[in-house]
Amino acid sequence: MGLGGKDSSHLVSFLIGAALPTAFLLFLASDRLGDGLSSISMSWGSSGTRQSAGPRVQESDNTTTHDQEVGFAGLAELLPRVAMEDRTVILTLVNEAWAQPGSLLDIYRESFKNGEDIEHFLNHVLVIAIDSGGFGRCKAVHPHCYLLEVNKSTANLSSANRFMTKEFLELDADMIWLRNPFHHISVYADMSLSTDYFRDAFAPLNNTLNTGLYYMRSTNRSIEMLRYWRAARARFPGGSEQGVFNEIKHELITKLQARIEAVETVYFSGFCEYHANLNRACTMHANCCIGLANKVLDLKDAAVDWRNYTRLTQEERKKGGFKWTPPARCWKTIGPEDTAHIIFGCTNAQQFWNAVGITTNEDWPIARLKEIQCPDHIPQKHFGSFVLLCSWHIWKWRNTIAIRKEQMTLTGALSACKLEAYIWGARLKPDDRHIATTWCSILSSAM
């Protein structure tokens, strides 16, 4: 999070706008939050001291109100010690389970040390602990920790409960850093955030936005954006923070004139979508994953891949061929491997359909295959054949990964589909073969 603005009181106002009660998710945040978050009451403290969070305050550029002092005791003094020269602070959250030795906090911290010229960023990471166990462990390994107390009668946030259960708050240290990511974040946007799947051809808001990582500057507009986001939860009861954001993202633009940008997965990768070219990757996020143990093991595999990659010479890197180990444990947690899940529900299927611009729903039964609507950019004639062609290659892609235990990227799956489109086109009537050429163009554009 870039903390611009005039003084520390403006920064505190920004944090109040974000943190009550959105769990202080500012620069690095969870991709999914548990249900029940709106009922969690929070208090802040420094050095383990409990403080009651005051009521919402009006933002001020020049004065610090009593409520700001009470609600964030010690924070105004802590932020300057953590901030970079340009006043940027990196925030991440942990609980006791995520902070255990060998768990996500250790993996997260170690990634800075193994990354390319990014170890100095560790001095600018503020770890927010939401329980005393996480706070104690943080203080043992990291210089900048802040305790966020949560009403334990409302939710048990110290355990490693599975994601989307009633008492589980998905935190945000489920990520490794590889290179400096700030070079690939727009300085003109009010908010830059990660995506599950990214396509250049899409408008920013049409990408699959994921609040697992986001960057904001402390401005009047960004404060109002966060307050608007927080208030919108009342309109979408039971919705996650990410779900609510996707419901209101167009409102943020039309009502607040917000500038929102999606960052590319080629730089900000995740288990939902990553790229074979490690020369450009800056972060790897354990999204599309259920369960702490699965996140830990698959992130450790990614960290090993990265260390092996960095040992290569420049000549060896130029030759290419080095690839990530597929996060197989995480992928297996997304859903049952029945036909409907493979064609509509799994990560690969969602990537493929999004890439070719066909609208589907991950919860559809397989019978909906014949009811898919033809979008304007695809010829209506023989559309059913194109849908079957895509479905066949989604199936083959998933089979390659899950059964044959081989790696294949979205680009590889689209390329294989394109090659077969030429063959299928030869079976069309001569007057219709131009349709197959259009299919190939669509598949090429999606790569």
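## Close-up views of side-chain contacts

**View 1. The C138–C145 disulfide.** At 0% relative accessibility, C138 counts as buried (buried is under 20% relative accessible area, exposed is over 50% and partly exposed is in between, using a 1.4 Å probe and protein chains only). Keep in mind that this is a predicted model, so local features need pLDDT of at least 70 and side-chain atom pairs count only at pLDDT 80 or more, while totals for chains, interfaces and linings use all residues. Residue numbers start from 1 along each chain as its sequence is written, and side-chain values rest on heavy atoms, with hydrogens and water left out. C138 has C145 as its disulfide partner, with the two sulfur atoms 2.0 Å apart (a disulfide is a pair of cysteine sulfur atoms within 2.5 Å). C145 is buried too, at 12% relative accessibility. The angle about the S-S bond is -90°, and the link is left-handed. By the same distance rule, the count comes to 3 disulfides.

**View 2. The C272–C288 disulfide.** Here the sulfur atoms sit 1.8 Å apart. With 100° about the S-S bond, this link is right-handed. C272 lies in the loop between β10 (268-270) and β11 (283-285), and C288 in the loop between β11 and α8 (292-310), so the disulfide ties together parts 16 residues apart in sequence. Helices (H or I, at least four residues) and strands (E, at least two) are DSSP runs, numbered from the N terminus. Both C272 and C288 are buried.

**View 3. The C289–C330 disulfide, plus a cysteine without a bond.** C289 and C330 have their sulfur atoms 2.1 Å apart. The torsion about their S-S bond is about -60°, so this disulfide is left-handed. C289 comes from the loop between β11 and α8 and C330 from helix α10 (residues 328-332), so the pair ties together parts that are 41 residues apart in sequence. C289 is buried at 2% relative accessible area, and C330 is buried at 0%. Count the bonded cysteines in sequence order and the pairing reads 1-2, 3-4, 5-6. For C390, the closest cysteine sulfur belongs to C417 and is 4.6 Å away, too far for a bond. C390 is buried, with a relative accessible area of 0%.

**View 4. F182 and Y215, an aromatic pair.** The structure holds 15 aromatic pairs. In this one, the ring centres of F182 and Y215 are 6.2 Å apart and the planes meet at 70°, so the pair is edge-to-face. (Rings of Phe, Tyr and Trp, the last by its six-membered ring, pair if their centres lie within 6.5 Å; planes under 30 degrees apart are stacked, over 60 edge-to-face and the rest tilted.) F182 sits in the loop between β6 (175-177) and β7 (191-195) and Y215 in strand β8 (residues 209-216), 33 residues apart. Both residues are buried. They belong to a cluster of ring pairs that links Y108, F112, F121, W177, F182 and Y215.

**View 5. F386 and W439, across two helices.** The ring centres are 5.4 Å apart and the planes of F386 and W439 are at 40°, so the pair is tilted. F386 is in helix α13 (residues 383-402) and W439 in helix α15 (residues 433-446), so the pair ties together parts 53 residues apart in sequence. F386 is buried at 0% relative accessible area, and W439 is buried at 1%.

**View 6. Arginines over rings.** The charged end of R317 sits over the ring of Y309, 4.5 Å from its centre. (That takes NZ of Lys or CZ of Arg within 6 Å of the ring centre and within 35 degrees of the ring normal.) R368 lies over the face of W364, at 4.1 Å from the ring centre. R317 also takes part in a network of salt bridges with E116 and R179.

**View 7. Salt bridges between separate parts of the chain.** The whole structure has 13 salt bridges (a side-chain nitrogen of Lys or Arg within 4 Å of a carboxyl oxygen of Asp or Glu). D190 and R221 meet at 3.0 Å, N to O. D190 lies in the loop between β6 and β7 and R221 in helix α6 (residues 220-232), so the bridge ties together parts 31 residues apart in sequence. D190 is buried at 6% relative accessibility, whereas R221 is partly exposed at 27%. D432 and K381 meet at 3.1 Å, N to O. D432 is in the loop between α14 (410-426) and α15 and K381 in the loop between α12 (347-356) and α13, so this pair ties together parts 51 residues apart in sequence. D432 is buried at 8%, while K381 is partly exposed at 47%.
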